Amino acid sequence: MTDHDTVPYSELPDYSDPDRLARAKAFYEAIKTRRTCRQFSDAPVQREVIEQAILAAGSAPNGANHQPWHFAVISSPDKKKAVREAAEAEEKTFYETKASDEWLEALAPLGTDEVKPYLEIAPWLIVIFGQRRGGPNPGDDKQNYYVTESVGIASGFLIAALHDAGLATLTHTPNPMKFLNEVCDRPPNEKPMMIVVAGKPADDATVPVHALSKKPLEAISSWL
Ligand code: IYR
């Protein structure tokens, strides 16, 4: 096999124009119901659903197909407690001293603070690490490329897959989050990039009204 062997492009369904538009609309209708959740139920969610969502995330486009990511999946109460305690300590400094007034003002409509009980309540915490080095095959030690972009896209796939399975998610980015290397037993050259909290929403979960407003097409696109 040469470096650039190819196979035919996978067959995509040849939808009629009306079907294609109907599908595009249906996808939008489905994805726009996603809401960041900050009150989770402790109801269990089967591991296989999380596995499938991670497989979906792992299919994301990425730099040189090095797939520069690792998903550390936490469900043990001890580990969840460790994440919550460290995250709350970081967040306390953030809210009390580090965050600018402008930042706090931007967060006010969300009603967030340093108290993060959901990190212990939700059944799954998926910690996503970006790998600065790696390569296309397990055990490789090569330079990776576009790690931030790749992990960002994969995280989007993960969240979309979990949403499609009827699960609520929260993208949580404690700052700094180096403590996650230790909790998850990952090497120092891996950078924790976010925690995706996944599970069922609590019966009394709410979302801030602020989060409902999305920019219209004219505001987020230009057509040249
Ligand atoms: N990481 C903090 C603060 C926070 C920052 C942004 I930007 C948000 O969109 C939400 C929260 C926290 O989790 O509370």
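This report covers a predicted model, taking the ligand site, the sheet and one buried loop residue in turn.

## The shell around the ligand

Twelve positions are named around the ligand. They are Arg38, Glu91, Phe94, Tyr95, Trp103, Leu107, Leu110, Thr112, Asp113, Lys116, His172 and Thr173. By class, 5 of the shell residues are nonpolar, 3 are polar and 4 are charged.

Two helices stand out as sources. Both α3 (77-98) and α4 (101-107) give the shell at least two residues each. The largest share comes from α3, with 3 residues.

## Polar pairs with the ligand

Which atom of the ligand does glutamate 91 approach with its side chain? It is a nitrogen atom, 3.1 Å from an N or O atom of that side chain. Tyrosine 95 places a polar side-chain atom 2.4 Å from an oxygen atom of the ligand. Histidine 172 has a polar side-chain atom 3.3 Å from an oxygen atom of the ligand. On its own, the ligand has 370 Å² of accessible area, and the protein covers 69% of that.

## The four-stranded sheet

Now the sheet. It is open, has 4 strands and follows the order β1-β2-β6-β5. The pairing is antiparallel. Its edges are β1 (69-74) and β5, each of which pairs on one side only. Direction ignored, neighbouring strands are turned by 25 degrees against each other on average.

Strands of a sheet pair through backbone hydrogen bonds, either parallel or antiparallel. Here, strand β2 (residues 124-131) runs antiparallel to β6, and 8 bridges join the two. Across this pairing, phenylalanine 129 stands opposite proline 192 in β6.

On the β5 side, β6 pairs with residues 168-172 over 5 bridges, again in the antiparallel sense. Threonine 171 has valine 196 of β6 as its bridge partner. Threonine 169 stands opposite alanine 198, also in β6.

## How covered are these strands?

Why is strand β6 described as largely enclosed by the rest of the structure? Because 9 of its 10 residues, within the run 190-199, are buried. Strand β5 is mostly covered too, with 4 of its 5 residues buried.

The sheet and the ligand site share a residue. Histidine 172 is listed in the shell around the ligand, and β5 spans residues 168-172.

## A buried asparagine in a loop

Asparagine 144 sits in the loop between β4 (142-143) and α6 (147-164). Is this residue buried or exposed? Its relative accessibility is 4%, so asparagine 144 counts as buried; the cut-off for buried is under 20%.

What does the side chain of asparagine 144 contact? It makes a polar contact with the side chain of histidine 66, at 2.9 Å.

## In brief

The ligand has polar pairs with glutamate 91, tyrosine 95 and histidine 172. In the sheet, β6 stands between β2 and β5 in the strand order. Asparagine 144 is a buried residue in a loop.

Definitions and conventions. Residues are numbered from 1 along each chain as its sequence is written. This is a predicted model: local features need pLDDT of at least 70, side-chain atom pairs count only at pLDDT 80 or more; totals for chains, interfaces and linings use all residues. Side-chain values use heavy atoms; hydrogens and water are left out. A residue is near a molecule or strand if one of its heavy atoms lies within 4 Å of it. A polar contact is a pair of N or O atoms within 3.5 Å; within protein, one must be able to donate a hydrogen and the other to accept it, and residues adjacent in sequence count only if both atoms are side-chain atoms. Accessible areas come from the Shrake-Rupley method with a 1.4 Å probe; for residues, only the protein chains shown count as cover. Ala, Val, Leu, Ile, Met, Phe, Trp, Tyr, Cys and Pro count as nonpolar, Asp, Glu, Lys and Arg as charged, and the others, Gly among them, as polar. Buried means under 20% relative accessible area, exposed over 50%, partly exposed in between (1.4 Å probe, protein chains only). Two strands pair if DSSP finds at least two bridges between them. Axes are lines fitted to C-alpha atoms, for helices over the stretch in contact, and angles run from 0 to 180 degrees between N-to-C directions.
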